[in-house]
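Hello,

Here is the structure I promised to pass on to you. Have a look at it first, and then read on for what turned up in it.

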Amino acid sequence: MLDNNEPKLILNDRRSRLDIKGNLGEYLQRFGIIIALFLMCAFLSITSPHFLTVSNLANVLLQSSINAILALGVTFVIITGGIDLSLGSVLALAGVVMGVILQNYGSIIIAIVAALIVGALCGYINGLFITRLNLPPFIATLGMMSIARGLALVITKGYPISGLPEPIRFIGAGKILGISTPIVIVALLFIICHIILTQTKLGRYNYAIGGNEEAAKLSGVNVNKCKVILYTITGLFSGIAGIVLAARVNSALAIAGMGYELDAIAAAVIGGVSQAGGEGSVAGTILGAIVMGVLRNGLNLLDVSTYWQQVVIGLVLVCAVSLDQLKRR
Amino acid sequence: MEYILEMKNISKQFPGVKALNNVNLNIKKGEVHVLVGENGAGKSTLMKILNGVYSKDSGEIVFKGKQIQIRNPREAQEAGISIIYQELNLIPKLSVAENIFLGREPLKKNGLIDWKMVYKETEVLLKKLEIDLDPRTKINKLGIAQQQMIEIAKALSFKSDIIVMDEPTSALTDKEINKLFAVIRQLKESGVAIIYISHRLEEIKQIGDRLTVLRDGNYIGTYEVKDIDIDTIIQLMVGRKVDEKYPKETAEISDIVLEVRNLNNAKLKNISFRLKKGEILGLAGLMGAGRTELARAIFGVDPINSGDIYINGIKKNISSPLDAIKNGIGLLPEDRRTQGLIQKMNVLENITLPNLNSFVDRIFINKKREINKSIEFIEQVNIRTPSPLAKVRFLSGGNQQKVVLAKWLCANVEIIIFDEPTRGIDVGAKVEIYKLICNMAKRGKAILLISSELPEVLGMCDRILVMHEGEITGELSRQEATQEKILSYATGRNKNVG
């Protein structure tokens, strides 16, 4: 959209060519992951007859949906140059709060809203820890990781809450126009995130803070306020993921989502969201989540044990980031 | 063997740019050889090749009569070539001695570090340079001038035959510069050759023996310093005549827009002054006099303990940059790379950042309006960029500074504080920045210009305030100001404000 208006100015500086090279690098980065995904799919379709079927591909997307929701949320804070380690715990707390309310009061709307508020509140508190107490994001969210998990266990005393009502189950297992509800939710969230990041002030400030916090501050950006909002969004997304996961497995567990934060961060990073901050897109994040989903699915089809799957996913993460580093040189 | 170092026909191609094209550089033993050229002329590239950071595409390097290959900085250092970069490369939390021997600590027989030896050797080095410092002092306790001396000591500890100094005086006071020059002369006498890179051309006459000029990656020539004058050097550097160094035009000076009354904080003592519409008010002083701190206090970055700020006669409470911008104040910070710009963003995004609100319709940014407006400012301040969507990190220093300027024009502020606006910017671009500053004054902006270069303050300002240790110690009109008067206030020898 922007490109049509672009070349009004004259190419009178030899650095202009450097700039085009810079853009090339960015395109490579974006297409690099698409090429990797394509190669993986090609390889899997040859080696396994079950891979390239509609039902399996739909399954891959469905399996990736929880990770995708968390990864979309965490993209915001990674772009600020921060991190959120509390995603998995907040997911569990939100799911459990929803479960308890459903069990005791039965109101579906209140249960869902409460879960969302709990998620957002956890993110908000993360934001306060980071901006008011000046804690590094790693430490603040490590604290929240333990706090939220602990609260989830306190609320349920460790027992699962199962047998959720039908409308809730629709969120996890239903279909809208033949497409699984979680996939539809991911698609909607993706669009919203993309619009926030590319079309709104908050998105622009997000990149500015991650690019150079000091300069952003000196340009009049209210850095602390923005950070609190962005962490709150991330928390809200964890809450959404908590609802979807509980609905999918038809029970709310205090131990749900253990270690999911690492998968979500991995998806964003594989998708080219720079950990140094200031760079990345939710399109990349979604692709990253799909790459991880395809990888898991493919390894399953190829009968690779879950233990080895961990090893492979770790290697892919390291390779993706080191390729990215190489390109920057 | 006349030359200790000969770099012959060095060429280097970067993607899309010929950075060096058959460049020659010959260095004699014990000389100070000045390397000059505008930003982007290829000075740094040439030095990075000498230091093994980049590999050359063609050409040869002959050092002490032998052709050598330098593959990395360590090899360069061990061969006897050291570089002291503008951004000093010391580790703040380690001591002086630890820094000097970093990575090559002498070992005792049992394989542990021989700390006694480290400190003793360091002491000897420091004594040689007449630096009065405990080798156990942590680097972060030292000022920039002292850190630079440590870098020189480090270079000496490698028994360097050649020391490259990249802009060594850019952050030093006059006194410190004299000290540095004394050390350089001492090094010369002991046979060390210095390759000296500086934007401050007046220094060439003071310290240089010969000079080599580069322009756009080409070798222009090597000259004896005593046979050439500064105007000729400038002409060789830019390839054309720079007509006026300070294109000062007086604007109509009218109402008071900014008044500061009895401002105090941790770094400032009782600061009071007035700034008028159309006026360029200079703020001179030595490093650490509190000029940047004053700018930061007015701009709401650093807290104020007492005192008032009036904008157009109305008392304002400014406690954040956001407040300052809302009240029509803009700041071009001292360091444009780390404070003025977001390098990962493009020109347009940087320009519209302080005033993004005005581009938002409901909740969405109107990108078309953003593009049109940014093109308008790019043209107005003449930023040489291929497009508003080019990342600022690919622009030269001068053009980057113009982006910061465009930012505040776009924010439509009335008062602009320039903190060292021409630091590290080449001659041609400097004049352009000066013209822009004058233009803004003519259009009724009030300007506070902080500068460590006295000729700049004298050439550009209508009135000059001088600071010393957090206080304003003098005020001079354009007519009465001289370097000597400014210096006598800046060093606290004299005071004329009561």
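In chain A, 50% of the 329 residues are buried. Please keep in mind that this is a predicted model. The same chain holds 13 helices and four strands. Of its contacts with a separation of 6 or more, 78% are between residues 24 or more positions apart.

A good place to see the burial in chain A is helix H11, which spans residues 260-270. It is mostly covered, with eight of its 11 residues buried. Among these buried residues are A:Glu261, A:Ala264 and A:Ile265, and also A:Val269 and A:Ile270. After H11(A) comes A:Gly272, which has a positive phi near 90 degrees.

Another residue to look up in chain A is A:Phe237, placed in helix H10 (residues 223-249). Is A:Phe237 buried or exposed? Its relative accessibility is 6%, and because buried means under 20%, A:Phe237 counts as buried. Setting aside neighbours within four places in sequence, A:Phe237 is in contact with A:Ile69, A:Leu72, A:Gly73, A:Leu189 and A:Cys193. You can also find A:Phe76 from there: A:Phe237 and A:Phe76 are 161 residues apart in sequence, while their C-alpha atoms are 11 Å apart in space. As for aromatic pairs, the count over all chains is five.

Now to chain B, which is divided into domain 1 (3-238) and domain 2 (256-490). The C-alpha centres of these two domains of chain B lie 33 Å apart. Where they meet, 14 residues of domain 1 are in contact with 12 residues of domain 2. Between them the two domains of chain B bury about 1100 Å², and 57% of that is on carbon and sulfur atoms. How many salt bridges cross the interface of domain 1 and domain 2 of chain B? The rule finds zero across that interface.

Within chain B, try zooming in on B:Ser95. This residue is found in the loop between strand S6 (81-84) and helix H3 (96-100), and B:Ser95 is buried, with a relative accessible area of 3%. Not counting residues up to four places away in sequence, B:Ser95 touches B:Tyr119, B:Pro135, B:Arg136, B:Thr137, B:Lys138 and B:Ile139. Two of the residues touched by B:Ser95, namely B:Tyr119 and B:Arg136, also have an arrangement of their own: the charged end of B:Arg136 sits over the ring of B:Tyr119, 4.0 Å from its centre. Elsewhere in chain B, B:Arg104 lies over the face of B:Phe158, at 3.6 Å from the ring centre.

Two backbone spots in chain B may catch your eye. B:Glu167 is a residue other than glycine with a positive phi, near 50 degrees. B:Glu167 lies in the loop between strand S7 (162-166) and helix H6 (174-189), and at 6% relative accessibility B:Glu167 counts as buried. B:Asn262 also has a positive phi near 50 degrees, but its place is in strand S11 (residues 256-265). At 43% relative accessibility, B:Asn262 counts as partly exposed.

Finally, the salt bridges. The structure holds 28 of them over all chains. One joins the side chains of B:Asp302 and B:Arg296, at 3.2 Å from N to O; B:Asp302 is partly exposed, with a relative accessible area of 22%.

Another salt bridge is formed by B:Arg423 and B:Glu334, whose closest N and O atoms are 3.9 Å apart. This pair links distant parts of the chain, 89 residues apart: B:Arg423 is in the loop between strand S19 (415-419) and helix H15 (427-442), and B:Glu334 is in the loop between strand S16 (329-332) and helix H11 (336-340) of chain B. B:Arg423 counts as partly exposed at 24% relative accessibility, and B:Glu334 is partly exposed with a relative accessible area of 28%.

B:Glu432 and B:Arg384 form a salt bridge as well, their closest N and O atoms being 3.0 Å apart. B:Glu432 lies in helix H15 of chain B and B:Arg384 in the loop between helix H13 (367-380) and helix H14 (397-410), so the pair ties together parts that are 48 residues apart in sequence. A network of salt bridges also links A:Arg204, B:Glu349 and B:Glu370.

Enjoy exploring!

Best wishes

Note on methods
Residues are numbered from 1 along each chain as its sequence is written. Chains are lettered from A and ligands numbered from 1 in the order in which they are written. This is a predicted model: local features need pLDDT of at least 70, side-chain atom pairs count only at pLDDT 80 or more; totals for chains, interfaces and linings use all residues. Side-chain values use heavy atoms; hydrogens and water are left out. Helices (H or I, at least four residues) and strands (E, at least two) are DSSP runs, numbered from the N terminus. Buried means under 20% relative accessible area, exposed over 50%, partly exposed in between (1.4 Å probe, protein chains only). Contact means heavy atoms within 4.5 Å. Rings of Phe, Tyr and Trp (its six-membered ring) pair if their centres lie within 6.5 Å; planes under 30 degrees apart count as stacked, over 60 as edge-to-face and the rest as tilted. A charge sits over a ring if NZ of Lys or CZ of Arg is within 6 Å of the ring centre and within 35 degrees of the ring normal. Domain bounds come from an automatic or database domain assignment. Buried area is the accessible area (1.4 Å probe) that two parts lose on being put together, summed over both. A salt bridge is a side-chain nitrogen of Lys or Arg within 4 Å of a carboxyl oxygen of Asp or Glu.
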